[in-house]
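Q: Could we go through this structure together, beginning with the overall fold and then turning to the details?

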Amino acid sequence: MMFDAVPADPFQHGECRIKLADGEWELRQAQSLRKRVFVEEQQVFRISDFDHLDHDAYTLIATTSMLGIPDSVVGTVRINQTARGKWQGSRLAVDAMYRHSSGIGKDLIKMAVGTALTLGCESFYANVQLQNQAFFERLGWCVLGHVLVEGLDHVFMQANLNLYSPAPDPNHGCFHLFSKALPPEKSRNKA
Ligand SMILES: CC(C)(COP(=O)(O)OP(=O)(O)OC[C@H]1O[C@@H](n2cnc3c(N)ncnc32)[C@H](O)[C@@H]1OP(=O)(O)O)[C@@H](O)C(=O)NCCC(=O)NCCS
């Protein structure tokens, strides 16, 4: 039997799960996404972006899946308690294919702050790259000052915790529906 060659629409993930990473595969994928973003793309680090905070960090991830089986980590962020009740977020990264359309970054921040609140957070901070200041301000963060991180200008920002709720079960996490369809050029690359 012959079939005409009908161009198929590229496959698009429509959702992902945002949760605490617990398995080896999840942590390895998160590390590899961080390397792609902070070493290869932004060149903030030469070889590795690992530092002392990784030893006791909680890593949150966004995973897409196929037929219910996770197939890729497309977003990550880590959180650390730096003093009693005081938490810090860092290494927020979304796969370039999923940026500015899916809402993953926003929901990773929500889950990061929510997880910290569940663990007793009383204040939450981050050093934010200048080009992302407006993004954090839209999520209710305010600038406390300016700092240099790895020789690059950053703003030191604090989350308004009144706008966030504790995450009821960070290990299980939550489903995140992409807020917009991915633009065709992104989904074509992904197919
Ligand atoms: C910064 C980053 C995490 C944002 O994640 P994202 O998934 O692209 O963002 P979202 O889709 O959740 O964006 C939510 C909204 O904020 C907007 N937004 C995203 N990045 C923004 C920025 N840098 N400045 C202003 N607005 C921004 C989006 O357009 C979207 O707007 P909408 O609700 O009107 O559609 C992502 O771009 C990224 O990984 N960048 C490279 C690594 C990086 O810079 N990490 C942060 C270090 S501080």
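The conversation below takes up the fold, one strand, the core, the ligand shell and two loop residues.

Q: What kind of model is this?
A: It is a predicted model.

Q: How many helices and strands does the protein have?
A: There are four helices and eight strands. Read from the N terminus, their order is β-α-β-β-β-α-β-α-β-β-β-α.

Q: And how much of the protein is buried?
A: Of its 191 residues, 31% count as buried. Among contacts with a separation of 6 or more, 64% are between residues 24 or more positions apart.

Q: Let us take strand 4; is it mostly covered or mostly open?
A: Strand 4, residues 86–94, is mostly covered, with seven of its nine residues buried.

Q: Which way does strand 3 run against strand 4, and how many bridges join them?
A: The two run antiparallel, and seven bridges join them. Strand 3 spans residues 69–83. One of the pairings sets Asn80 against Gln88 of strand 4.

Q: What does the turn between those two strands look like?
A: Strand 3 and strand 4 form a hairpin with two residues between the strands. Gly85 in that hairpin has a positive phi near 80 degrees.

Q: What about strand 5; how does it run relative to strand 4?
A: Strand 5, residues 123–129, runs parallel to strand 4, and four bridges join the two. Gln88, which is the bridge partner of Asn80, also stands opposite Tyr125 in strand 5.

Q: Which helix goes with strand 4 and strand 5 in the β-α-β unit, and what is its handedness?
A: Helix 2, residues 104–118, completes that unit, which is right-handed.

Q: Turning to the interior, which residues touch the most other members of the largest nonpolar core?
A: That core has 35 residues, and Leu60, Ala62, Leu108 and Ala112 touch the most other members. Elements giving two or more residues to this core include strand 1 (15–20), helix 1 (24–41), strand 2 (58–66) and strand 7 (152–159). Helix 2 provides the largest share, seven residues. As a general matter, nonpolar side chains in soluble globular proteins tend to be buried together.

Q: What is Leu108 in contact with, apart from its sequence neighbours?
A: Beyond the neighbours within four places in sequence, Leu108 is in contact with Ile18, Leu60, Ala62, Gly75, Val77 and Leu92. Two of these partners, Leu60 and Ala62, are also among the core members with the most such neighbours.

Q: Now the ligand: which residues come nearest to it?
A: Val94, Arg99, Gly105, Lys106 and Phe135 come nearest, out of 18 residues around the ligand.

Q: Which elements supply at least two residues of that shell?
A: Strand 4, helix 2, strand 5 and helix 3 (133–138) each do so.

Q: How does the shell divide by residue type?
A: It divides into eight nonpolar, seven polar and three charged residues.

Q: A last topic: where is Leu67, and what is its phi?
A: Leu67 lies in the loop between strand 2 and strand 3. Its phi is near 50 degrees, a positive value in a residue other than glycine.

Q: Why does Leu67 count as exposed?
A: Leu67 is exposed because it has 5 other C-beta atoms within 10 Å, and the cut-off for exposed is 12 or fewer.

Q: And Glu150?
A: Glu150 is in the loop between strand 6 (141–149) and strand 7, and its phi is also positive, near 50 degrees. With 12 other C-beta atoms within 10 Å, Glu150 is exposed.

Technical notes
Residues numbered from 1 in each chain as written. Predicted model: local features only at pLDDT ≥ 70, side-chain atom pairs only at ≥ 80, totals over all residues. Buried ≥ 20, exposed ≤ 12 C-beta atoms within 10 Å, placed from the backbone. Pairing = 2+ DSSP bridges. Right-handed = clockwise from strand over helix to strand, strands pointing away. Core = buried A, V, L, I, M, F, W, Y, C linked by C-beta atoms within 7 Å. Contact = placed C-beta atoms within 7 Å. Near = placed C-beta within 6 Å. Nonpolar A, V, L, I, M, F, W, Y, C, P; charged D, E, K, R; others polar.
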